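Here is a short tour for a first look. Keep the structure open while you read.

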Amino acid sequence: MPEILPDATAEFARAIGPDTDEIIDEMDAQADAEGFPTVGPTVGGWLQLLARMVSARRVFEFGSGFGYSAYWFARALPDDGEIVLTEVDADELDQAREYMRRGGFDDLTSYELGDAVRTVDDYEGPFDAVLIDNEKHRYREAFEAVRPKVAEGGVVIADNAVTAGPIDFEALSALVRGEDPGDVNEHTTGVADYLDAVGADPAFETALIPLGEGIAVSHRVA
Ligand SMILES: C[S@@+](CC[C@H](N)C(=O)[O-])C[C@H]1O[C@@H](n2cnc3c(N)ncnc32)[C@H](O)[C@@H]1O
């Protein structure tokens, strides 16, 4: 796995980002103890900031885990906002429910147990911010399912745009640059396929934020 940023720079980025609160600190401690792959605090701060920058009212997440990324988004939402959490693991979703309740966000939040790519069909748009953080080989499927529901001016954020446990960065980089990397696992081709699709979509402008495990931020411009 590549080191995206030297430790000193990562710590610096974390210090500059929005403050955490005691619930985020507790979630960070849980993630550390369990080795659970949250987006982490520097990306969390960006999710909050991006939601504020687009004046987000409605957010949809593909893959919410125990609610870490959702909690950061929720801090930027107005009182009449909405965030949809999706998760295939009932225990994770129960924990998310408890963290969101403790943060005072329960009234904003819908909790959906099951496949996010199916669940999104049950919701009307528009969504102002979308997080794609489900199975890597299904990122493109998730994007295509939510694409018609992304508001103009909204953002789609894909986590693990650079790395994650099974992603082969050398191969991903080769694919993104149009080279043939040889044998590649489906997680790596999934992220490359997603970046290719969203990058070629004339309705979106995409750029990378190389923090955490890398997020691709795609702004809907048409
Ligand atoms: C990398 S974790 C990240 C969770 C969260 N976004 C965070 O930052 O803490 C991905 C989560 O997505 C869930 N997941 C995977 N595929 C899914 C799917 N198709 N629908 C809903 N959840 C899914 C997994 O169970 C896991 O909890």
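The report goes from the sheet to the helices, then to the ligand and two backbone details.

## The sheet

This is a predicted model. Its strands form an open sheet of 7, with mixed pairing. Read across the sheet, the order is E3-E2-E1-E4-E5-E7-E6. Strand E3 (109-113) and strand E6 (204-209) stand at the edges. Each has a single partner strand, so one side of each is left without a neighbour in the sheet. Neighbouring strands are turned by 15° against each other on average, with direction ignored.

Take one pair from the sheet. Strand E1 covers residues 58-62 and runs parallel to E2. The two are joined by 3 bridges. In one bridge, Val 59 has Ile 83 of E2 as its partner.

## Helices on the sheet and on each other

Helix H5 spans residues 90-102 and lies across E2 and E3. Its direction is at about 170° to that of E3.

Helix H7 (residues 139-146) and helix H9 (residues 186-200) also meet. Their axes come within 7 Å and cross at roughly 35°. From H7, the contact takes in Tyr 139, Arg 140 and Phe 143. Facing them in H9 are Gly 190, Asp 193, Tyr 194, Ala 197 and Val 198. By class, this contact has 5 nonpolar, 1 polar and 2 charged residues.

## The ligand and its shell

Which residues come nearest to the ligand? They are Ser 69, Glu 87, Ala 116, Asp 133 and Glu 135, out of 20 residues around it. The shell divides into 7 nonpolar, 8 polar and 5 charged residues. Helix H4 (68-74) supplies at least two of the shell residues, and so does strand E2 (82-87).

Several contacts involve nitrogen atoms of the ligand. A side-chain N or O atom of Asp 133 lies 2.8 Å from a ligand nitrogen. For the side chain of Ser 69, the distance from an N or O atom to a ligand nitrogen is 2.9 Å. Val 88 takes part through its backbone: an N or O atom there is 3.4 Å from a nitrogen of the ligand. How much of the ligand does the protein cover? On its own, the ligand has 600 Å² of accessible area, and the protein covers 88% of it.

## Two backbone details

One peptide bond to look for runs from Gly 125 to Pro 126. This bond is cis, with omega near -5°. Pro 126 sits in the loop between helix H6 (116-119) and strand E4 (127-132).

The other detail is at Ser 55. Its phi is near 50°, a positive value in a residue other than glycine. Ser 55 belongs to the loop between helix H3 (41-53) and E1.

How values were computed:
Residues are numbered from 1 along each chain as its sequence is written. This is a predicted model: local features need pLDDT of at least 70, side-chain atom pairs count only at pLDDT 80 or more; totals for chains, interfaces and linings use all residues. Side-chain values use heavy atoms; hydrogens and water are left out. A residue is near a molecule or strand if one of its heavy atoms lies within 4 Å of it. A polar contact is a pair of N or O atoms within 3.5 Å; within protein, one must be able to donate a hydrogen and the other to accept it, and residues adjacent in sequence count only if both atoms are side-chain atoms. Accessible areas come from the Shrake-Rupley method with a 1.4 Å probe; for residues, only the protein chains shown count as cover. Helices (H or I, at least four residues) and strands (E, at least two) are DSSP runs, numbered from the N terminus. Ala, Val, Leu, Ile, Met, Phe, Trp, Tyr, Cys and Pro count as nonpolar, Asp, Glu, Lys and Arg as charged, and the others, Gly among them, as polar. Two strands pair if DSSP finds at least two bridges between them. Axes are lines fitted to C-alpha atoms, for helices over the stretch in contact, and angles run from 0 to 180 degrees between N-to-C directions. Contact means heavy atoms within 4.5 Å.
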